[in-house]
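Grab a pencil and work through these short exercises. Each task comes with a solution you can check step by step.

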Amino acid sequence: NTINALNKLRTFMDGRLVSPYLSEYSAATTRDMMLRGETISISNWPFVGRPLLETFGNESIGVTNNPSFGTKKGKITLGGWRLAINKLVNTEEREAAVRVIKFLTSFEATKYRLMNQN
């Protein structure tokens, strides 16, 4: 739940595992920190894809799941594409919308955005 997540974040900040300003960073701030080599990871990687590739090259950049604890597997949490289907549309429109969403969230489309945005 939210309280447990915030408490865990606080322990990370207290233990200096993450910056105490982590929750205040903008996408531009984290991009600039990454480009200066001041951080080893970044959560908003689509925003910085092209600048990272231009700075460090294709062989130096990787994308993975978030770290996890114990036996649980980490999850990729970046998202929020705001993609939805209106429940009032007809079946044909719904099926078309599903195809569009599947494409937009596919590996190929994600890779394209990473390589071509910014």
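Accessible areas here come from the Shrake-Rupley method with a 1.4 Å probe, and for residues only the protein chains shown count as cover. This is a predicted model, where local features need pLDDT of at least 70, side-chain atom pairs count only at pLDDT 80 or more, and totals for chains, interfaces and linings use all residues. Residues are numbered from 1 along each chain as its sequence is written, and side-chain values use heavy atoms, with hydrogens and water left out.

**Exercise 1.** Describe the surface and burial of the protein chain.

Solution. Start with the accessible surface: about 9600 Å², with 55% belonging to carbon and sulfur atoms. Next, burial: 14% of the 118 residues count as buried (under 20% relative accessible area; exposed is over 50%, partly exposed in between).

**Exercise 2.** How many helices and strands does the protein chain have?

Solution. Take DSSP runs: H or I of at least four residues for helices, E of at least two for strands, numbered from the N terminus. That gives 5 helices and 0 strands, so the pattern reads α-α-α-α-α.

**Exercise 3.** Check the length of helix 4 against its expected span.

Solution. The rule is 1.5 Å times one less than the number of residues. Helix 4 covers residues 91-104, 14 residues, so it should span 20 Å; its end C-alpha atoms are 20 Å apart, which agrees. At its N-terminal end, Asn90 is the cap, with a side-chain oxygen 3.1 Å from the backbone nitrogen of Glu92.

**Exercise 4.** Is Val100 buried or partly exposed?

Solution. Val100 lies in helix 4. Its relative accessible area is 46%, so Val100 is partly exposed.

How values were computed:
Buried means under 20% relative accessible area, exposed over 50%, partly exposed in between (1.4 Å probe, protein chains only). A polar contact is a pair of N or O atoms within 3.5 Å; within protein, one must be able to donate a hydrogen and the other to accept it, and residues adjacent in sequence count only if both atoms are side-chain atoms.
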